[in-house]
Amino acid sequence: MAVKRLGLTRDQLAKFLTEHEQIKQFELLFSTVDYVQAAGVDSAAIDAGAALAGVNSLAGVVAQLAQDAAAEASNALAIAQAAKSALGAISDLAMAGAALPPVAPAKRVGVGTFASLVTQVATLANVAYPIDLDVVDIERGIWRDGVNTSRVYVADGGVFNFQFSAQLDNTAAPTHIIWIWPRISGVDVPDSASQVRIQGNNAELVAAWNWVLRLAPGEYFEIVYAVSDVALEIVTFPAAGVVPAIPSVILTVTQEV
């Protein structure tokens, strides 16, 4: 769409404006209208409220100039016609801005942080057990089941980053193994397990890594483990001296944007 410039030359303005300051104000008025009109054509993103506020402001300027000039009837008519053209252009842009579609709200990003302050011991070797999460720190679109405390649910579908650490301890002399992997809604995630081997009595070790997984709305996530011997535990330690308590498990879940 072509843009029609609304400015008058200084000589044309001098024919019906008697003071230099009035001429300068009208030049500013027309240059502002030309800029706003061009911006509206190029981007179609003018805020309707701001444009209407500009209309009201410019109308006040025009009225004040007419009053200050004490112009004759013919001069006042020329001012009114010029101002009407300028203000009409801004008003049209304001109405166009009002018809623009609303800006979509930012997508909610889920986050959840959980932990366990309970030592977790397998009853039998080579049997899969979900890891319990008895501590809830943050739940925002991601929450832990109140009954099955190993299950972490997501409200919105998408891609999620599951980061965890587990404090492991071997309470017997021989070497023992722990396997850790994720489940989604009760189904093991293929090709996802890791193995940690611990040698010797009281040989503590921290297992820590992450999985990036896709979940549908309402699905749940679990960390599952199995041990080669029940002497290998996921253990917690109380606070001691300057050291805070050591959770057996820490899990942080964030939704990828």
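# Briefing on a predicted strand-rich fold

Among contacts in the protein between residues at least 6 apart in sequence, 75% join residues at least 24 apart. The model is a predicted one, and it contains 4 helices and 13 strands. Of its 257 residues, 39% count as buried, while the accessible surface comes to about 13900 Å², with 57% of that area belonging to carbon and sulfur atoms.

**Nonpolar core**

- The largest nonpolar core has 33 residues, and the members that touch the most other members are Phe162, Leu168, Ile178, Tyr225 and Leu251.
- At least two residues of this core are supplied by each of the strands E5 (152–154), E6 (158–170), E7 (176–184), E9 (194–198), E10 (205–215), E11 (220–227), E12 (232–234) and E13 (249–255).
- Strand E6 provides the largest share of the core, namely 5 residues.
- Once residues up to four places away in sequence are set aside, Phe162 touches Trp209, Asn210, Trp211, Leu213, Leu215, Phe221, Leu251, Thr252 and Val253.

**Aromatic pairs**

- The structure holds 9 aromatic pairs, and one of them is formed by Phe162 and Phe221, which counts as stacked because the ring centres are 3.8 Å apart and the planes stand at 15 degrees, under the 30 degrees that limits this class.
- This stacked pair links distant parts of the chain, since Phe162 belongs to strand E6 and Phe221 to strand E11, with their positions 59 residues apart in sequence.
- Both partners, Phe162 and Phe221, are buried.
- Trp209 and Trp211 form an edge-to-face pair, with 6.4 Å from centre to centre and 85 degrees between the planes.
- The two tryptophans fall into separate burial classes, because Trp209, with a relative accessible area of 22%, is partly exposed, whereas Trp211, at 8%, counts as buried, the cut-off for burial being under 20%.
- Ring pairs join Phe160, Phe162, Phe164, Trp209, Trp211 and Phe221 into a cluster.

**Charged side chains**

- A search of the whole structure finds 2 salt bridges, and in one of them the side chains of Glu222 and Arg151 meet at 3.9 Å, N to O.
- That salt bridge links distant parts of the chain, with Glu222 in strand E11 and Arg151 in the loop between E4 and E5, 71 residues apart.
- Glu222 is buried, with a relative accessible area of 4%, whereas Arg151, at 23% relative accessibility, counts as partly exposed.
- Arg183 forms a salt bridge with Asp188, and the closest N and O atoms of this pair are 2.5 Å apart; Asp188 counts as partly exposed at 40% relative accessibility.
- Asp169, which has its place in strand E6, is buried yet has no salt bridge, and the nearest side chain of opposite charge, that of Arg197, is 16 Å away.
- Leaving aside neighbours within four places in sequence, Asp169 is in contact with Asn202, Ala203, Glu204, Ala231, Leu232, Glu233, Val235 and Phe237.

**Loop residues and backbone angles**

- Most residues other than glycine have a negative phi.
- Asp191 has a positive phi, near 55 degrees, although the residue is not a glycine; Asp191 lies in the loop between strand E8 (187–188) and E9, and with a relative accessible area of 86% Asp191 is exposed.
- Asn202, again a residue other than glycine, has a positive phi of about 55 degrees; Asn202 is found in the loop between E9 and E10, and at 47% relative accessibility Asn202 counts as partly exposed.
- Asn202 is also one of the residues in contact with the buried Asp169.
- Thr149 is found in the loop between strand E4 (142–144) and E5, and its contacts, leaving aside neighbours within four places in sequence, are with Asp132, Leu133 and Arg144.
- From Thr149 to Pro130 the separation is 19 residues in sequence and 9.2 Å in space, taken from C-alpha to C-alpha.

Technical notes:
Residues are numbered from 1 along each chain as its sequence is written. This is a predicted model: local features need pLDDT of at least 70, side-chain atom pairs count only at pLDDT 80 or more; totals for chains, interfaces and linings use all residues. Side-chain values use heavy atoms; hydrogens and water are left out. A nonpolar core is a set of buried Ala, Val, Leu, Ile, Met, Phe, Trp, Tyr and Cys residues joined through side-chain atoms within 4.5 Å. Buried means under 20% relative accessible area, exposed over 50%, partly exposed in between (1.4 Å probe, protein chains only). Contact means heavy atoms within 4.5 Å. Rings of Phe, Tyr and Trp (its six-membered ring) pair if their centres lie within 6.5 Å; planes under 30 degrees apart count as stacked, over 60 as edge-to-face and the rest as tilted. Accessible areas come from the Shrake-Rupley method with a 1.4 Å probe; for residues, only the protein chains shown count as cover. Lys and Arg count as positive and Asp and Glu as negative; His and the chain ends are not counted. A salt bridge is a side-chain nitrogen of Lys or Arg within 4 Å of a carboxyl oxygen of Asp or Glu.
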